[in-house]
Amino acid sequence: MRTTDDVVSSLTFEPWPDGEGEASVVPAALGPAADTAMSQGRRVLGREEDGDALRRARVIRDSATGEPAGVAGFRRFPGLPEDRLVWTYVEIVPRLRERGLGSAALAHVTRLMSEMGLSPWGKAATGSPGHRWMAGRGFLRQRRNRTFRVRPRAIGPVEHGYAIEWHEGPTWAPDDVMQAWWDSLDARDWPRPTPPTPLSEERRAFYCEGYSPLVAARRPDGTVAGIGFLDEFPGDDGDFSGGPVDPSDPEGRVIMAALLAACAEHLPVRSLLLELSDSDGEDVVSFVADHAVDVLNDMVVCARA
């Protein structure tokens, strides 16, 4: 039986080329990305970097012919809550798959990571061959990420009892609304500036290419129950990030409905894109899924200890 070591001996792992011309040969051999997870995974690849933005990428070649057989690499993105886990990506040229090359490539980059005290995580389209491949190699599901398209005006009237506030961007939002936004990020383990910075500085952390208001749902006692940040996209879609400040809030469905109803009232866009994961809370995800007109992406994130 051919072992992983046998497969490794038939391959060479070369550092990512510096020249753009050489680097372009490899994607051409891989062909078009089959899905969004694969397209995003290729972002891991590139020239070697050290420090917070650590990156190692390798071109896999057939030792006998020198032809590209695939790619493998890992990259760390600053600001993520768990910097021991690094985004790892392996892709084999289609005609060479199911020969053990992917397992050999994973073993190679895992050895590089273990020398640095790091462990791999990756993502794939839910139920895809890539998802099954990770599951068969010791990767355990961490969360599911989906991007939903919702038409807020189609949700209908919402009875909620919250006071809705519409603020024309982070510059104009009160301090407690801004604090609610950062609290919601912490509750979901989203990346955010660390260590915490003054609110005056955190307002500047928003990337706003166009009109980017904040919507807040305030309880009768004055506390902020829900928060949403909106950003314009070209065309008919807008982008909505947020939800209940506490994802486990028992009123999560109602809070989300109130926020989206406010968007229907204030925004000209026909639809909103919401990227949600398990950390957004079961009630919120199920509410959005029930009212979605489309699911743009459906990916699973897996990690191996």
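Here are some exercises with worked solutions on the predicted model shown above.

**Exercise 1: The chain as a whole**

Find how many helices and strands the chain has, and what share of its residues is buried.

*Solution.*
Step 1. Start with the secondary structure: there are 9 helices and 12 strands in the chain.
Step 2. Turn to burial. The chain has 305 residues, and 47% of them are buried.
Step 3. Look at the surface too. About 15,200 Å² is exposed, with carbon and sulfur atoms supplying 50% of that area.
Step 4. Finish with the contacts. Among those with a separation of 6 or more, 69% are between residues 24 or more positions apart.

**Exercise 2: The surroundings of Arg56**

Decide whether Arg56 is buried or exposed, and find which residues its side chain meets through polar atoms.

*Solution.*
Step 1. Locate the residue: Arg56 belongs to strand β2, which covers residues 55-62.
Step 2. Check its accessibility. The relative accessible area of Arg56 is 12%, so this residue is buried, the cut-off being under 20%.
Step 3. Look for polar partners. A polar atom of the Arg56 side chain lies 2.8 Å from the backbone oxygen of Glu49. The Arg56 side chain also makes a polar contact, at 2.6 Å, with the side chain of Asp50.
Step 4. Now think about charge. Side chains of opposite charge can pair when their charged atoms come close.
Step 5. Apply the idea here: Arg56 and Asp50 form a salt bridge, and their closest N and O atoms are 2.6 Å apart. Asp50 counts as exposed because its relative accessibility is 54%, and the cut-off is over 50%.
Step 6. Widen the view. Leaving aside neighbours within four places in sequence, the contacts of Arg56 include Ala72, Gly73, Phe74 and Met116.

**Exercise 3: Pairs of opposite charge**

Find how many salt bridges the whole structure has, then work out which strands hold Arg218 and Glu165.

*Solution.*
Step 1. Begin with the total: a search of the whole structure gives 16 salt bridges.
Step 2. Examine the pair. Arg218 forms a salt bridge with Glu165, with 2.5 Å between the closest N and O atoms.
Step 3. Place each partner. Arg218 is in strand β8 (residues 214-218) and Glu165 is in strand β7 (residues 163-167), so their pairing ties together parts that are 53 residues apart in sequence.
Step 4. Check burial: both Arg218 and Glu165 are buried.
Step 5. Go on to a network. Arg42, Glu91 and Arg97 are joined into one network by salt bridges that share partners.
Step 6. Take one link of that network. The side chains of Arg97 and Glu91 meet in a salt bridge at 3.7 Å, N to O. Arg97 counts as partly exposed, at 36% relative accessibility, whereas Glu91 counts as buried, at 4%.

**Exercise 4: Two helices**

Compare the expected span of helix α6 with the distance between its end C-alpha atoms, and list buried residues of helix α8.

*Solution.*
Step 1. Count the residues of α6: residues 175-187 give 13.
Step 2. Work out the span. The rule is 1.5 Å times one less than the number of residues. For α6 this should come to 18 Å, and the end C-alpha atoms are 18 Å apart, which agrees.
Step 3. See which side chains are covered. In α6 the buried residues include Val177, Met178, Trp181, Trp182 and Leu185.
Step 4. Remember the helix pattern. An α-helix has 3.6 residues a turn, so residues three or four places apart point the same way.
Step 5. Zoom in on Ala180, which is in helix α6. Its relative accessibility is 6%, so Ala180 counts as buried. Beyond residues up to four places away in sequence, Ala180 touches Val224, Ile227 and Val245. The C-alpha atoms of Ala180 and Ala216 are separated by 8.9 Å, although these residues are 36 apart along the chain.
Step 6. Look past the helix end: just after α6, Asp189 takes a positive phi of about 60°.
Step 7. Repeat for α8. This helix (residues 252-266) has 15 residues and reaches 21 Å from first to last C-alpha, close to the 21 Å expected. Its buried residues include Ile255, Met256, Leu259, Leu260 and Cys263.

**Exercise 5: Cysteines**

Find how many disulfides the structure holds, and decide whether Cys263 and Cys302 are buried or exposed.

*Solution.*
Step 1. Recall the bond: a disulfide is a covalent bond between the sulfur atoms of two cysteines.
Step 2. Count such bonds: the structure holds 0 disulfides.
Step 3. Check the two residues. Cys263 counts as buried at 2% relative accessibility, and Cys302 is buried with a relative accessible area of 2%.

Definitions and conventions. Residues are numbered from 1 along each chain as its sequence is written. This is a predicted model: local features need pLDDT of at least 70, side-chain atom pairs count only at pLDDT 80 or more; totals for chains, interfaces and linings use all residues. Side-chain values use heavy atoms; hydrogens and water are left out. Helices (H or I, at least four residues) and strands (E, at least two) are DSSP runs, numbered from the N terminus. Buried means under 20% relative accessible area, exposed over 50%, partly exposed in between (1.4 Å probe, protein chains only). Contact means heavy atoms within 4.5 Å. Accessible areas come from the Shrake-Rupley method with a 1.4 Å probe; for residues, only the protein chains shown count as cover. A polar contact is a pair of N or O atoms within 3.5 Å; within protein, one must be able to donate a hydrogen and the other to accept it, and residues adjacent in sequence count only if both atoms are side-chain atoms. A salt bridge is a side-chain nitrogen of Lys or Arg within 4 Å of a carboxyl oxygen of Asp or Glu. A disulfide is a pair of cysteine sulfur atoms within 2.5 Å.
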